[in-house]
Amino acid sequence: MQPGNTRREFLLLGGAAVAGAAGTTFAASDTQPPANVPPANVPPADAPVVREAPAEFGGFSRWKPTFGGPPTADHYLGKLVPGLRGLGLAPVPVEIPDLPKLPFKMVGGVKEFELRCTPVKREFLPGYPMDVWGFNDSMPGPLVEANQGDRVRFIVHNELPEPTSMHWHGLELPVSEDGVPGLTQNPIMPGKSYVYEFDLHQAGTFFYHSHMAMQEAFGMVGGFVIHPKVAFDPPVDRDFFLIFQNFHIAPNQTISDSMAMDWNWHTINGRSGPFTTPLVVRHGERVRVRLMNFSPMQHHPIHLHGHTFWITGHEGARIPPSAWVPRNNTLVGVAQATDFEFVAFNPGDWIFHCHMVHHMMNHMVQQVGPRIRDDSDVSDYQNQLATRPRVRADFTTDSGFRTPGYPQNMQHMHMGEEMMMKIMHRREVQGMRKMWHMGVHGLMTVLRVLPPELYDLVMNSDEMVMPGTVFDRIVKGDYAKDYQQ
Amino acid sequence: MRTRVFVLLALAPLGGCRNVPHTATCHSHAAASIRQPIPAAPAPAVAQTAAPRAQVVPASHAQPDLTEPATGPLVERLPAPAGAPAESAASGATCAGMTLASIEDMATTYNPTLTQARTQVDGTLGKALQAGLWPNPVLGYQAEKIGSQGTAGEFQGGFIRQEIITAQKRRVSREKYLARAKAAEFGALAQQYRVVNDIRRQYWRAAGATRLVTIHEQMVKNAEDRLVTVEEMFNVGQSNTVQVRQARVTLQRTKLDLLAKINDRDQARRELSALVGVELPEELYGDELDESVPPLTWDASLAYTLGESPEVREATAKLESDRITVERELRQPIPNVFVQAGPGYDFTDNRTVVNAQVTVQPPIWDRNQGTIQQAHADLSRQRAELCRIELRLKRDLSMHFKQYLTAQQHVESYRGEVLPEAEQAYKARLKSYKQQRETWPMVLDAQSELYQRQAEYVHNLVTWRDSQTLIEGFLLTGGLDAPQNPTPPGHIDATPQPR
Ligand SMILES: [Cu+2]
């Protein structure tokens, strides 16, 4: 099948078949599959197409870089270009890479969820299980998905050794359910449970968290999405939720220091790059990313490569389209969320990251000592505890030291073979360049925009894909010519 | 506990100071040849103290020609150096270094103060011999009244005069000097402890200093690395010129510390050589600092020190001597009898006659009362002296025991906890540095901390060994000070006829 044909078929077929496919891709993550529960709001695969997406978008193409202007135009930079799945449908379920979703049961017309406040060992990177707190043995906690108009009940069990309380961030609810210790309720004592119940009349991106400050810094947060009955227009094909966090965990330590003012471990949905699972989408899909910052005290300038995104909402509410802002880097402050929307017109593996340099890798350390000395290796020190090696005093003859500022190259955390196996053997990274992980650290993940065949190869097959082959086909293969037309 | 018999008085004839004749090298095992073969004595069963105790065994040396042989601690068993094997000297001078035992054996031969101590015993024994001798008779020729009645005189003849020592003054005098000889023997034993203690203390110092040199060499390498690290940081703006200069200062100070340790080590070895009385090889030292030894307790150590100290026993012997002195001086007023007699010829009567004369010196004015008073005073003084020595020992022991205990507590804790923990900390930092989680200055901190704790451990080891040596050796030091004269100042002493 020629790529061009594929695209044309997509256009001709409209959204129905594609929407079904989109709904099934989520299970492809082999590292941490989401809880196998009925999502709050999954449209059935055979959901009726209310109306088809328009075929024409002015000067904008969903398949290649185009301007689509002028800035006042509806399709300027893909602003109001719908996804492939069609209009008038219920929203697609939210995908939250590397985290589970919270199941519920219907009890007397109320959606009832259970949350346990628990200590968590979270593997930030393979081989680095860190001690934090979260919910239901997960940090961040599982994603809550509900619909506008639902009545929800949360039974919260405190399995921590100290009091806690639960706050529903951004929800307009009775004050008795707001979860502020002292102010609105007594804390939930260790071993005790507490029930919150309220109606959801809002729609958008929210979250829940402990309202004890240090517990918040220690990881106690989770995402909370309230879907409208019908997907917002223009509808998206894919809807992701990412939680950005900072921790301070000293060397030779696994327990996070919530008192810290300086942060050396950075996680997206509880994992650091390159262990963060890429967001894999089909070429041409309209994508939403709900990006929430739950760091203790630092803001994140979030940058997406290769695309211009529209800011369509923040925590609490969707923004009217007239107020949307196109950007490629936007600051997400502490306890804020931003909804990014864009049409994935540009195939390839695109870095999606916080631009604060200190968040672009874990454990930045001074680049001095044996790690930058030609003739030196730490193993020599490890093997000679009693009589350490003598340092070469004429190091400045190393040519690099004639240049003030040398070395700027920051060597990354050592990754053992086992660690690399875990990182490289996920479906989501198949076919990426061999050394792709070199550039993905800390608060970084990858947006992979794949033509449908390659998407299927990567996400819907068991085939071993050689490193670099998918990337090469995009850069050098038939697609390249086609997309650049 | 391993023990060794230490023979003091069976010394080989001495030839003064000398070098070890190509003996103390690791190849020839020559140190063994210097040593006299001495059987190891079994350790005495002493329930209340773990400290080794001196033990009196029969004397084996040639006695002066005396009716009553001086008894005394002629052969003493000294505490063996910790960890020294029983046949240490015989097999100890291996390539690993000279053992403490082999060095001690050399000292028994070459330390001159031991000779002095022995000769002082001999000298005092000589006094005892002299004090017991009879005074010589007087022989003479006598002519009386020459010219009487025109004759050659009333008496022409010879005579013999003998002083008869009354009241057993000779015997008492001899007993007094034998008591002093006993004191001198305890003094000699004390000197033996002084020498051995000094040798051990210097040996521990030398062994410790040798280790400290190695540790301080690592500290210098650490400081060199710090300087290089600060210079590396300088190039990326993470340090400034001040910090570079400060790192240079630190490096220089660390180097000076190393030099001081080297000087200390060399001085300790040289002092040890002086104590032994021979030039010791520079490099060949064993290191028994770590060997385990039974712990001491305060009560047992105090009982051991007061009960067995050569100083106490010497003072006790002197007290006995002073008691006898009083007895002797009380007998002094009892007059000796001078008997004189001789045959002669009376030319006036033309017959042979015999002249006889008995003389006494009645104690009318001089009843020896002044010297008796002095002897009583000396006796009282010596009683107080004994008490003083015991109290001084107790005071000094309290200080050394405190040092011993503190050092021992440190050694145990450093062995069991501090050093392993410091090493693990350093290892952990190295590991996390390798993982790119740790900074190099932090690694250097942990490394430096390990070296500092190692140095402290060695200091405590040396203090521990030092104070244990002193406690087990009755706190005696001064292995190159001349042994004290057995007759203390203020005592009645030499007269033409010692008494
Ligand atoms: Cu950031």
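**Cysteines, copper and salt bridges in a predicted model**

Cys387(B) is partly exposed, with a relative accessible area of 40%. This value, like those that follow, comes from a predicted model. Cys354(A) offers a contrast, since a relative accessible area of 0% makes this residue buried. No cysteines are joined in pairs here: the count of disulfides over all chains is 0.

Cys354(A) does have a partner of another kind, as its SG atom is one of the protein donors of the copper ion. The others are His300(A) and His359(A), each through ND1, and the donors lie 1.9 to 2.0 Å from the metal. Along the sequence, the spacing of these donor residues can be written H-x53-C-x4-H. In this pattern each x with its number stands for the residues between two donors, so the histidine and cysteine at the start of the pattern are separated by a much longer stretch than the cysteine and the histidine at its end. Two of the donor residues, Cys354(A) and His359(A), are buried.We can turn next to the sheet in chain A. Four strands make up an open sheet, and their order is β4-β9-β8-β6. The pairing in this sheet is mixed. Strands β4 (141–147) and β6 (166–169) of chain A stand at the edges with a single partner strand each, so one side of each has no neighbour in the sheet. From one strand to the next, the twist averages 20°. In general, the strands of a sheet pair through backbone hydrogen bonds, and they may do this in a parallel or an antiparallel way. The pairing of β4(A) with strand β9 (residues 221–227) of chain A is parallel, and 5 bridges join the two. As an example to find in the structure, Gly141(A) has Gly222(A) in β9(A) as its bridge partner.

Salt bridges were searched for over all chains, and the whole structure holds 52 of them. One of these is formed by Asp98(A) and Arg271(A), whose closest N and O atoms are 3.2 Å apart. This pair links distant parts of the chain, with the two positions 173 residues apart. Asp98(A) sits in the loop between α2 (16–24) and β1 (105–107) of chain A, while Arg271(A) sits in the loop between β11 (265–268) and β12 (279–282) of chain A. Both Asp98(A) and Arg271(A) are buried.

A second salt bridge brings together the side chains of Asp131(A) and Lys121(A), at 2.8 Å from N to O. Asp131(A) belongs to strand β3 (residues 128–135) of chain A and Lys121(A) to strand β2 (residues 110–125) of chain A, so the pair ties together parts that are 10 residues apart in sequence. Asp131(A) counts as partly exposed, at 21% relative accessibility. Lys121(A), with a relative accessible area of 55%, is exposed.

A further salt bridge involves both chains: the side chains of Arg373(A) and Asp225(B) meet at 2.9 Å, N to O. The pair crosses from the loop between β20 (348–354) and α4 (378–383) of chain A, where Arg373(A) lies, to helix α5 (residues 169–235) of chain B, which holds Asp225(B). Arg373(A) is buried at 8% relative accessibility, and Asp225(B) is buried with a relative accessible area of 0%.

Salt bridges can also be joined into a network, as seen for Asp239(A), Arg286(A), Arg288(A), Arg290(A), Arg318(A) and Glu341(A).

Note on methods: Residues are numbered from 1 along each chain as its sequence is written. Chains are lettered from A and ligands numbered from 1 in the order in which they are written. This is a predicted model: local features need pLDDT of at least 70, side-chain atom pairs count only at pLDDT 80 or more; totals for chains, interfaces and linings use all residues. Side-chain values use heavy atoms; hydrogens and water are left out. Two strands pair if DSSP finds at least two bridges between them. Axes are lines fitted to C-alpha atoms, for helices over the stretch in contact, and angles run from 0 to 180 degrees between N-to-C directions. Donors are N, O and S atoms within 2.8 Å of the metal (3.2 Å for Na, K and Ca); water is not among the atoms, so sites may look incomplete. Buried means under 20% relative accessible area, exposed over 50%, partly exposed in between (1.4 Å probe, protein chains only). A salt bridge is a side-chain nitrogen of Lys or Arg within 4 Å of a carboxyl oxygen of Asp or Glu. A disulfide is a pair of cysteine sulfur atoms within 2.5 Å.
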